[in-house]
Amino acid sequence: MPEPSLWAVEWRRGDETLTAIEPSADEVRRAAPALAAYYNDAHNRRMMAHEDDPFDAADVVAYYHQLRDGGGRPFLLQREGVLLGDADFRHPEAATAEFAIMIGDRATQGRGLGTRFGLMLHAFGFQVLGLERVYISVIPANAPSRALFQRLGYQVDDSPAARALIDDASDVTLSLARPSFAEAWRVETAAIRCFPRPQAS
Ligand SMILES: CC(C)(COP(=O)(O)OP(=O)(O)OC[C@H]1O[C@@H](n2cnc3c(N)ncnc32)[C@H](O)[C@@H]1OP(=O)(O)O)[C@@H](O)C(=O)NCCC(=O)NCCS
């Protein structure tokens with residue numbers, strides 16, 4: 001059976017080419033050891049409130065399967081083809097989903113990459129998936145994540161739909177509607193290309 005269509009999102013900006021790809025099963029397997037190391041970093045674990053046992057590569061592969069089985073759309077994030085992290089849309093409803101993102105290496109965080117990949121994937125979510133609203137849920141201590149999403153245009157959202165996504169009562173929930181995003185990021189999104197990948201290997 002052919003694999004379902006997998007998409008890529010690309011943003012060439014000056015010397016930098018950022019690509020977010022929906023990985024094939026082989027690509028997930030190849031990325032899994034590096035992703036496991038990123039997920040297990042003590043700071044990242046705290047920020048993402050991962051309280052389970054450390055991940056190994058097999059757990060990452062299983063986690064990607066689980067995300068996709070639930071209708072999620074996970075992406076690997078690459079700069080000039082080098083893996084930097086991952087991101088996904090999860091808990092899809094008719095026209096909404098939750099978004100999550102990780103720039104894995106501590107030395108690479110805080111340099112605007114999360115914001116740029118976030119922009120790229122929201123272009124995909126609103127333009128290709130046809131989402132009308134995207135939610136995020138974050139622990140209060142995760143200042144970089146809150147700043148990233150507020151920069152993208154997210155606002156605090158305490159509606160039942162948003163609060164349904166929390167893991168802990170103290171989590172902060174925000175959301176972003178398609179028109180606000182489209183208006184604020186018209187220039188940038190015009191340069192972002194979303195396309196179905198040729199059959200990935
Ligand atoms: C959260 C994360 C995706 C942000 O990506 P990033 O590339 O590090 O962030 P950026 O450089 O794009 O910065 C985003 C904003 O956070 C601010 N910021 C960055 N590092 C910061 C820090 N250590 N403390 C406070 N603010 C910080 C930036 O100034 C920027 O704000 P601005 O747009 O108002 O200038 C990334 O740090 C990460 O993956 N962390 C670990 C996993 C995680 O927390 N994921 C999110 C779970 S919801």
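In which loop is the place of A49? A49 sits in the loop between α2 and α3. The views below come from a predicted model.

**View 1. A49, a residue with positive phi in the loop between α2 and α3.** Phi of A49 is near 50 degrees. That is a positive value in a residue other than glycine. Most residues other than glycine have a negative phi. A49 counts as partly exposed because it has 15 C-beta neighbours inside 10 Å, and the buried class starts at 20.

**View 2. H91, in the loop between β4 and β5.** H91 is not a glycine, yet its phi is positive, at about 50 degrees. The residue has 16 other C-beta atoms within 10 Å, so H91 is partly exposed.

**View 3. The shell around the ligand.** The shell holds 23 residues. M47, Q109, G114, T115 and A147 come nearest to the ligand. Five elements give two or more residues each: α2 (42-47), β5 (96-103), α4 (113-127), β6 (133-138) and α5 (143-152). Which element gives the most to this shell? Helix α5 does, with 6 residues. By class, the shell has 13 nonpolar, 8 polar and 2 charged residues.

**View 4. The largest nonpolar core, with 48 residues.** V9, A20, F117, M120 and L121 have the most contacts inside this core. Helix α4 gives the most to the core, with 8 residues. In soluble globular proteins, nonpolar side chains tend to be buried together. For F117, set aside neighbours within four places in sequence. F117 is then in contact with L18, A20, L77, A87 and I101.

**View 5. Helix α4, mostly covered.** Of the 15 residues in α4, 13 are buried. From first C-alpha to last, α4 reaches 21 Å. This is close to the 21 Å expected at 1.5 Å a residue. Helix α4 also gives two or more residues to the shell around the ligand.

**View 6. Helix α1 and its bend at A32.** Helix α1 covers residues 25-40, 16 residues in total. The helix reaches 22 Å from its first C-alpha to its last, close to the 22 Å expected at 1.5 Å a residue. At A32, α1 bends by about 50 degrees. A proline, P33, follows within four residues. Which residues of α1 are buried? They are V28, A31, A32, L35, Y38 and Y39. The buried residues of α1 pack against two helices, α2 and α3 (57-69). They also pack against β3 (73-79), β4 (82-90) and β5.

**View 7. V134 in strand β6.** Is V134 buried or exposed? V134 counts as buried because it has 24 C-beta neighbours inside 10 Å. Its contacts, leaving aside neighbours within four places in sequence, are T96, A97, F99, H122, G125, S175 and L176. G70 is 64 residues from V134 in sequence. In space, V134 and G70 are 17 Å apart, C-alpha to C-alpha.

**View 8. V138, also found in strand β6.** V138 has 22 other C-beta atoms within 10 Å, so V138 is buried. Not counting residues up to four places away in sequence, V138 touches S145, R146, D171 and V172. V138 and V172 are 34 residues apart along the chain. Their C-alpha atoms are separated by 5.3 Å.

How values were computed
Residues numbered from 1 in each chain as written. Predicted model: local features only at pLDDT ≥ 70, side-chain atom pairs only at ≥ 80, totals over all residues. Near = placed C-beta within 6 Å. Nonpolar A, V, L, I, M, F, W, Y, C, P; charged D, E, K, R; others polar. Core = buried A, V, L, I, M, F, W, Y, C linked by C-beta atoms within 7 Å. Buried ≥ 20, exposed ≤ 12 C-beta atoms within 10 Å, placed from the backbone. Contact = placed C-beta atoms within 7 Å. Expected span 1.5 Å × (residues − 1). Bend = angle between axes of the 7 residues up to and from the residue.
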